[in-house]
Amino acid sequence: LADGGRALVGLAGTITNYYRTAIEPFWPQLAKQVHTDRAERAWALLDEGIDGVFNSIHPQLRWTDPVLELQGDHVCGDLKLDGRGLRLVPSFFCHKAPTVLADPELPPVLVYPISRSALHAQAVGELGALLGSTRARILHAVARGCTTTELGVQAGISPASASYHASILRDSGLVHTR
């Protein structure tokens, strides 16, 4: 492959065909879910600082200032940032655990599995057709656990309206309240 020629052209053609078949048809949904994941990281940063960002990414990540620890069989050793920063990349193709891409000449990259919440964003849209968009947003928001006031804020409705919709979902057996 390093010499180029037919093998390289054949590989490029195979990758292009794979992209057109397996990725391109789903690209709008993938892009939307990456956008949702990035928004969740931004909110985590605003609400809880850098601790919130790293703690929200994956259970195998642990931030203890000034060290970010990634536990797993697939990584070992220390990665020194040396002022280069750390790029966070959500990925559909990173399964089970985050990983680090490190090249001493480039800024380090932490690649992590896309947020489950981002994956649920599409489900909320699909549920909207069945339940209505407001109840679908409430069902998604209540999965994390929250008060009626918090539910209203997350769904963009008043607390009274959130209570009304939550009671309908509770009466149908879709949610439980405490």
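**View 1. Cysteine 94 and cysteine 146, and the search for disulfides.** Cysteine 94 is buried, with a relative accessible area of 10%, where buried means under 20%, exposed over 50% and partly exposed in between (1.4 Å probe, protein chains only). Cysteine 146, at 25% relative accessibility, counts as partly exposed. Searching the whole structure turns up zero disulfides, a disulfide being a pair of cysteine sulfur atoms within 2.5 Å. This is a predicted model, so local features need pLDDT of at least 70 and side-chain atom pairs count only at pLDDT 80 or more, while totals for chains, interfaces and linings use all residues. Residues are numbered from 1 along each chain as its sequence is written, and side-chain values use heavy atoms, with hydrogens and water left out.

**View 2. Helix H6 and its surroundings.** Helices here are DSSP runs (H or I, at least four residues), numbered from the N terminus. H6 takes in residues 159-171, and its end C-alpha atoms sit 18 Å apart, in agreement with the 18 Å expected for 13 residues at 1.5 Å a residue; that expected span is 1.5 Å times one less than the number of residues. Its buried residues are Ala162, His165, Ala166, Ser167 and Leu169, and their cover includes helix H4 (133-142) and helix H5 (148-155). Just after H6, glycine 173 has a positive phi of about 85 degrees.

**View 3. Where H5 meets H6.** Thr148, Thr149, Leu151 and Gly152 of H5 touch Pro159, Ala162, Ser163 and Ala166 of H6, with contact meaning heavy atoms within 4.5 Å.

Key: Helices (H or I, at least four residues) and strands (E, at least two) are DSSP runs, numbered from the N terminus.
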